[in-house]
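Here is a short report on one structure. It covers charge pairing, overall form, packing and surface.

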Amino acid sequence: MKKLSVEQRKSLADILGNIASAWFTIGVISPIFIKPESIVKLLIFIFAGLLMTAVFTSVSLIVVKGEK
């Protein structure tokens with residue numbers, strides 16, 4: 001992968017941050033409204049949502065690490 005400019009890195013980090021927000025919404029907030037069939041599915045939604053949120057947030061922070 002070629003070296004990205006500062007602006008490109010910031011844009012990529014912004015996109016990854018938005019994806020993290022979407023995963024949080026899907027996994028943590030949506031089960032409040034959709035009433036999963038079982039407690040197991042509810043726990044899977046919450047776990048997957050939190051895990052993917054953490055992954056995309058971490059990647060976003062790594063992308064902009066050291067940028068000012």
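By the rule of a side-chain nitrogen of Lys or Arg within 4 Å of a carboxyl oxygen of Asp or Glu, how many salt bridges does the count come to? The count is one salt bridge. The side chains of Lys-41 and Glu-37 form this bridge, at 2.7 Å from N to O. Glu-37 is exposed, with a relative accessible area of 66%. Lys-41 is partly exposed, at 41%. Here, buried means under 20% relative accessible area, exposed means over 50%, and partly exposed lies in between (1.4 Å probe, protein chains only).

The model is predicted: local features need pLDDT of at least 70, side-chain atom pairs count only at pLDDT 80 or more, and totals for chains, interfaces and linings use all residues. Residues are numbered from 1 along each chain as its sequence is written, and side-chain values use heavy atoms, with hydrogens and water left out.

**Overall form**

The protein chain has two helices and zero strands. Helices (H or I, at least four residues) and strands (E, at least two) are DSSP runs, numbered from the N terminus. The radius of gyration is 15 Å, well over the 11 Å that the globule rule gives for 68 residues, so the chain is more spread out than a compact globule. That radius is taken over C-alpha atoms, and the rule is 2.2 Å times the number of residues to the power 0.38. Along the principal axes, the C-alpha atoms fill a box of roughly 45 × 20 × 15 Å.

Of the 68 residues, 15% count as buried. A contact means heavy atoms within 4.5 Å. Among contacts between residues at least 6 apart in sequence, 72% join residues at least 24 apart.

**Core**

Which residues make up the largest nonpolar core? They are Ala-13, Leu-16, Ala-20, Phe-56 and Val-63, five in all. Two elements, α1 (6-34) and α2 (39-63), give two or more residues each to this core. The largest share, three residues, comes from α1. A nonpolar core is a set of buried Ala, Val, Leu, Ile, Met, Phe, Trp, Tyr and Cys residues joined through side-chain atoms within 4.5 Å.

Leaving aside neighbours within four places in sequence, Leu-16 is in contact with Phe-56, Val-59, Ser-60 and Val-63. Ser-60 and Thr-53 are compared below, again without residues up to four places away in sequence.

| Residue | Helix | Relative accessible area | Touches |
|---|---|---|---|
| Ser-60 | α2 | 10%, buried | Ala-13, Leu-16, Gly-17 |
| Thr-53 | α2 | 15%, buried | Ala-20, Trp-23, Phe-24 |

**Surface**

The protein chain exposes about 5200 Å², and carbon and sulfur atoms supply 73% of it. Accessible areas come from the Shrake-Rupley method with a 1.4 Å probe; for residues, only the protein chains shown count as cover.

In soluble globular proteins, nonpolar side chains tend to be buried together. Which residues form a nonpolar patch on the surface here? Phe-24, Ile-29, Ile-32, Phe-33, Ile-34, Phe-45 and Leu-50 do, with about 680 Å² of accessible area together. Both α1 and α2 give two or more residues to the patch. Helix α1 gives the most, with five. Phe-33 is found in α1 and counts as exposed at 65% relative accessibility. Patches are made of residues with over 30% relative accessible area and no salt bridge; like charges are joined within 9 Å, and nonpolar side chains (Val, Leu, Ile, Met, Phe, Trp, Tyr) within 5 Å.
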